[in-house]
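This briefing covers one protein chain, shown below. Please keep the structure in view while reading the points that follow.

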Amino acid sequence: MEIPDDVLMLEVEGEGDRCDFCNRSDSWPGKDYACGEVKTGFVTFAPSVWAACGPCAKMIDAADWEALAQRAAESRNPEIRDLFLFQIRKTHQAVMKSRTGIQ
Ligand SMILES: [Zn+2]
């Protein structure tokens with residue numbers, strides 16, 4: 001399966017006041033997760049802190065990865081949602097494996 005470039009960009013578009021998991025900005029405060037290097041197969045992120053909004057933090061702490069992926073996909077274009085889900089599941093798994101602590 002060929003991955004369009006714009007899907008990859010979705011993974012790195014996070015801004016300072018947006019959740020790194022669902023890309024929303026309306027559910028703070030949340031929680032920060034310190035992570036090491038994250039490799040998704042397509043993109044490598046340097047070690048950093050991933051910020052989660054309140055709802056995402058609850059899903060992360062409950063290890064409810066599918067709910068987290070579905071929430072992240074809700075705001076995406078329906079035409080690429082399935083492809084996005086495929087990629088975001090891999091990204092979330094890589095983030096969780098790289099966790100170095102909770103701040
Ligand atoms: Zn979120």
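Helix 3 passes helix 4 in a right-handed crossing. The model is a predicted one. In it, the axes of helix 3 and helix 4 (residues 81–97) cross at roughly 135 degrees and come within 9 Å. The points below start with this pair and then move to other parts of the chain.

**Helix 3 and helix 4**

- Helix 3 and helix 4 are oblique to each other, because their angle of roughly 135 degrees is neither under 35, nor over 145, nor between 65 and 115 degrees.
- On the side of helix 3, the contact is made by Trp65, Leu68, Ala69, Ala72 and Ala73.
- On the side of helix 4, the contact is made by Arg81, Phe84, Leu85, Ile88, Arg89 and His92.
- By class, the residues of this contact between helix 3 and helix 4 are 8 nonpolar, 1 polar and 2 charged.

**Helix 2 and helix 3**

- Helix 3 (residues 65–74) also packs with helix 2 (residues 54–61), with the two axes 8 Å apart.
- The angle between helix 2 and helix 3 is about 155 degrees, and they are therefore roughly antiparallel to each other, the cut-off for this being over 145 degrees.
- The crossing of helix 2 and helix 3 is left-handed.
- Helix 2 contributes Pro55, Cys56, Met59 and Ile60 to the contact, and helix 3 contributes Ala67, Leu68 and Arg71.
- This contact of helix 2 with helix 3 has 6 nonpolar residues, 1 charged residue and no polar ones.

**Buried residues of the two helices**

- In helix 2, the buried residues are Cys56, Ala57, Met59 and Ile60.
- These buried residues line one face of helix 2, because they fall within an arc of 160 degrees when seen down the helix axis.
- The buried residues of helix 2 pack against strand 1 (31–35), strand 4 (48–52) and helix 3.
- In helix 3, the buried residues are Leu68, Ala69, Arg71, Ala72 and Ala73.
- The buried residues of helix 3 pack against helix 2 and helix 4.

**Alanine 63, between helix 2 and helix 3**

- Alanine 63 follows helix 2 and lies in the loop between helix 2 and helix 3.
- Although alanine 63 is not a glycine, its phi is positive, at about 55 degrees.
- Is alanine 63 buried or exposed? Alanine 63 is exposed, with 9 other C-beta atoms within 10 Å; the cut-off for exposed is 12 or fewer.

**The loop between helix 1 and strand 1**

- Asparagine 23 is placed in the loop between helix 1 and strand 1.
- Asparagine 23 is not a glycine, yet its phi is positive, at about 70 degrees.
- Asparagine 23 counts as partly exposed, because 19 C-beta neighbours lie inside 10 Å, while a buried residue needs 20 or more.
- Proline 29 is found in the loop between helix 1 (5–10) and strand 1.
- The peptide bond from tryptophan 28 to proline 29 is cis, and its omega is near 0 degrees.

**Arginine 99, in strand 5**

- Where is arginine 99 placed? Arginine 99 is in strand 5 (residues 99–102).
- Arginine 99 touches Tyr33, Ala34 and Cys35, when residues up to four places away in sequence are not counted.
- Arginine 99 and alanine 34 are 65 residues apart along the chain, but their C-alpha atoms are separated by 5.8 Å.
- Arginine 99 has 14 other C-beta atoms within 10 Å and is partly exposed. This count falls in between the cut-offs of 12 or fewer for exposed and 20 or more for buried, so arginine 99 belongs to neither class.

**The chain as a whole**

- How many helices and strands does the chain have? The chain has 4 helices and 5 strands.
- Along the sequence, these follow the pattern α-β-β-β-β-α-α-α-β.
- Of the 103 residues in the chain, 25% are buried.
- Among the contacts with a separation of 6 or more, 61% join residues that are 24 or more positions apart.

Methods: Residues numbered from 1 in each chain as written. Predicted model: local features only at pLDDT ≥ 70, side-chain atom pairs only at ≥ 80, totals over all residues. Axes fitted to C-alpha atoms, helices over the stretch in contact; angles between N-to-C directions. Left-handed = near helix turned anticlockwise from the far one by under 90°. Contact = placed C-beta atoms within 7 Å. Nonpolar A, V, L, I, M, F, W, Y, C, P; charged D, E, K, R; others polar. Arc of directions from axis to C-beta.
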